[in-house]
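Trainee: Hey, got a minute to walk me through a structure? I'd like to start with the overall picture.

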Amino acid sequence: MVKKTLSNVYMAIIFLFLYLPILVLIVLSFNDSKTRVEWGGFTFKWYIECFQSETIMTAFATTLQITVISAVISTIIGTLAAIGISAMKARSRAFYLGSTNIPLLNADIVTGISMMLLFVKFVELGFVTVLVAHITFSIPYVILNVLPKLKQANRSTYEAALDLGASPLYAFYKVTWPEIRSGVFSGFLMAVTMSLDDFSITYFTKGAGVNTLSTMLYTELRKGIKPELYALSTILFFTVLILLLLVNYLPNRKKSTALERV
Amino acid sequence: MKRKLIVFGLLFVFAISSLSACGDDSSGTTGKRSENTLTVLNYGKYIDEDVLKQFEKETGIDIKYEEYESPEEMYTKYKAGAIDYDVICTSEYIIQKLISEGEVLEQDYSTLSNYSNLDSDILKLAQSYDPMNSYTVPYFYGTVGIVYDTTKVTEEEVSSWNCLWDKNHKNEIIMMNSVRDAFIPALKLSGYGINETSEENLREALKLLDKQFPIVYAYFVDEIGDEMISGNAHMALIYSGEAAYAMDFNENLAYTIPEEGSNLWIDSWFIPKTCQNEEAAMLFLDYLCGHEIGIANFEYVYYASPLTSVVEALDEDVRNNEAVIPSKESLTECEVFTSIDDEKTALLNHLWQELKSRTVQ
Amino acid sequence: MNKLRRQLLAGPYLVWIIGFIILPLLMILYYAFFDENGSFTLEYLSHIASPINMHAMILSLELGVAATLICLLLAYPLAMILNNLKIKNQSLVVFIFMLPMWMNFLLRILAWKLLLNKNGVLNTVLMSIGLEPVMILNTPAAVVFGMVYEYLPFMILPIYNSMARIKKDYIEAAHDLGANEIIIFFKIIIPLTLSGIISGIVMVFVPALTSFAVSELLGGGKVLLIGNVIEESFMQGMQWNAGSSLSLVLMIFVMVSMTIMNIFDKDGEGTAVW
């Protein structure tokens, strides 16, 4: 019994450690006092200002564009690559997997700088350079999610379909796709997460006037207190909470617990 | 599985719709350079964003706006050449350096319709780095001094830069995280000018800064005002306008320039060689010199404006506030930064890193 | 024939690898070894041993190790507790501990700034109950604190995962054979979760070692980590060559430590990714 109480207390402490800052942001987002951490009455004005702030809204739009486009493109390239890699001999497979590991293992700052050095030589930094960078670091997550599914997939059913006269595309759609689908989706979701969360790589590859939420926050945080940002973080937190709960706890979660996703 | 697909579908639709909804105002950010864009590089918190919007609306020119924190950062951004800027605002000593490197385009600014609104005294001061006033248009000016909490520090204490070394205020002092500004008090106390470049003398000042390091609460730039408002420190090295902003929110704060003297700075706009749209750049600069816009920017930035009509429109107590408009004495007693060459800049940066990494010999 | 056609599907990725993974790394190598005039030099590489860089490197290692150890000490008991929870929705509880990770990390850092400020929430509470205020903001301790907060979920998850994989039979068998709790912990649980521990260490240590934003935001400009030196040499100092050579060293350092840890992490696939 004592042990159980201790466990619960410990869990509560860690829980508090993780959620206290978020709680503070939520409370302050309704606080009608700009400069001090004091309760100055309840207000919605920071939410209104948050939606009216062009800096925040533009950064939000840019973030969504980059995340969606990069996740879609990296899912396509990554899935195709995984299929290709699974059909390869050991040596070329080793080359591909080795290269795939580079952006995964490398420090973000090094990946960001290396891409910046390349881009600066040939093009002007801008939206596209950030997009290319995001695709680059997202592809490995897709590949690593799809490859194991392909390994599990039964190769002979696909060949059998071909023998029975199915076109490769039809056989892929009917036989392989259902088996790798969950891997492709979790790869996509991971690509979305990584892209949303990235700061360092975006910071080094972005051009003038291009800001994702992360880089915008970095500049704004150094400029001092802005309660609109508290409002923004509250909105983001609940959006993420609801979306994750929806994705994770809809029926048929045979293999889609939060764990596997992460 | 189907339900999951629907969620993904919704997510996707949501993202796509916001994509198209925001398509209009973000067209300037898609990396392509349309005919009518203006890429502007400015200090953080240094323009009323509504002014940018209004300019876009009135002229149909799209503005790509980018900010930086320290002049050294700006110089690097510009020199990296990764982005072609059309018009840039920065400190006088960086401009002087860029002029000498042939990076600044010469213009006949007197053709600007609002040029006569510029204070001729300030233009004269600006001639220290731009002799014919042909490279730059002054934007804001001010001094570097100390903002202090009058309930914790006496006026007498802050009459000398020595107060920043007072151990009684350990962890209550904020310094500027900007190399040349941070060196001002140390150089003045060592008896040198703020444009000192000899390594020996700089190292003497660095020793002072190193001695100060343990009692410094933090090195900030743009946060200093807010930190002082929240009462997180007793005093801070600060730009005058930032002090004026802080004093507006916290009546216990005051601003002063220690008697050893300090720095007078003038931030100006210039059109760099990389400019792709000179016409729009000139239009933008003219726009900034107008009375209404000048007032809007002044109210947002709260630094001394070189526009005569703006200063005349101020209340008397604001006009006489040293933190807002430097007095005539300050203008004569304070020094203006002059440019230093690459080698000395590298030296300063190196000394600064020595200080931060606590490896000062 | 068919197999070859399938291999071609990796074509776009091959282009991507060459263009955006290998070429950028070659750029770093180029800047690290060649000066403006394009002649080979080891000068930049030799700068690494300068006192500033060494100091920053050592400080980064110290703070990184401290953050990793604290994360491990906090995460291990939590993973055990979570694993022993006898409720139906165990994964929901785990999910709750992962959730903060999905929120932008800069916003969470901002929150800690508000909490830890001199006149911040924490001190207001402490002083109202008559305790001494804590002053850790703008010190190396604050940076470690930020890192721990930032990367704790990265430690919890792999350890929990490896723990969940331990078959209950082992523990029961050990019990039957007369082992007590302590022996079971050291002889069974720790060895079987070693791969999780190592993944966790890598996932916390590498970002902690190379971060520059946390120290910038919580260190008050007083904590110069190797990430900050690199960032400054690119964004402020115009010293791309020196920055590249430092990046190169950092890269080698990270790769080597990864390899060493991978040797221990035998069933690495999957856990090593995140």
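**Chain A, then chain B**

Mentor: Sure. From the N terminus on, the elements of chain A run α-α-α-α-α-α-α-α-α-α-α-α. Keep in mind that this is a predicted model.

Trainee: Okay, so how many helices and strands does chain A have?

Mentor: Chain A has twelve helices and zero strands.

Trainee: And what does the C-alpha trace of chain A span?

Mentor: About 75 × 65 × 30 Å along its principal axes.

Trainee: How much of chain A is buried?

Mentor: Of the 262 residues in chain A, 49% are buried. As for contacts in chain A with a separation of 6 or more, 78% of them involve residues 24 or more positions apart.

Trainee: Switching topic: how is chain B divided?

Mentor: Into two parts: domain 1 covers 26–141 + 265–322, and domain 2 covers 142–263 + 338–356. The C-alpha centres of these domains of chain B lie 26 Å apart.

Trainee: How many residues does each domain of chain B bring to the contact?

Mentor: Domain 1 of chain B gives 18 residues, and domain 2 of chain B gives 15 residues.

Trainee: Which elements give two or more residues on the domain 1 side?

Mentor: Helix H4 (92–100) and strand S4 (136–149) of chain B. The largest share of that side comes from H4(B), with four residues.

Trainee: What kinds of residues are on that side of domain 1 of chain B?

Mentor: Eight are nonpolar, five are polar and five are charged, on the side of domain 1 that touches domain 2 of chain B.

Conventions:
Residues numbered from 1 in each chain as written. Chains lettered and ligands numbered in written order. Predicted model: local features only at pLDDT ≥ 70, side-chain atom pairs only at ≥ 80, totals over all residues. Buried ≥ 20, exposed ≤ 12 C-beta atoms within 10 Å, placed from the backbone. Contact = placed C-beta atoms within 7 Å. Domains from an automatic or database assignment. Nonpolar A, V, L, I, M, F, W, Y, C, P; charged D, E, K, R; others polar.
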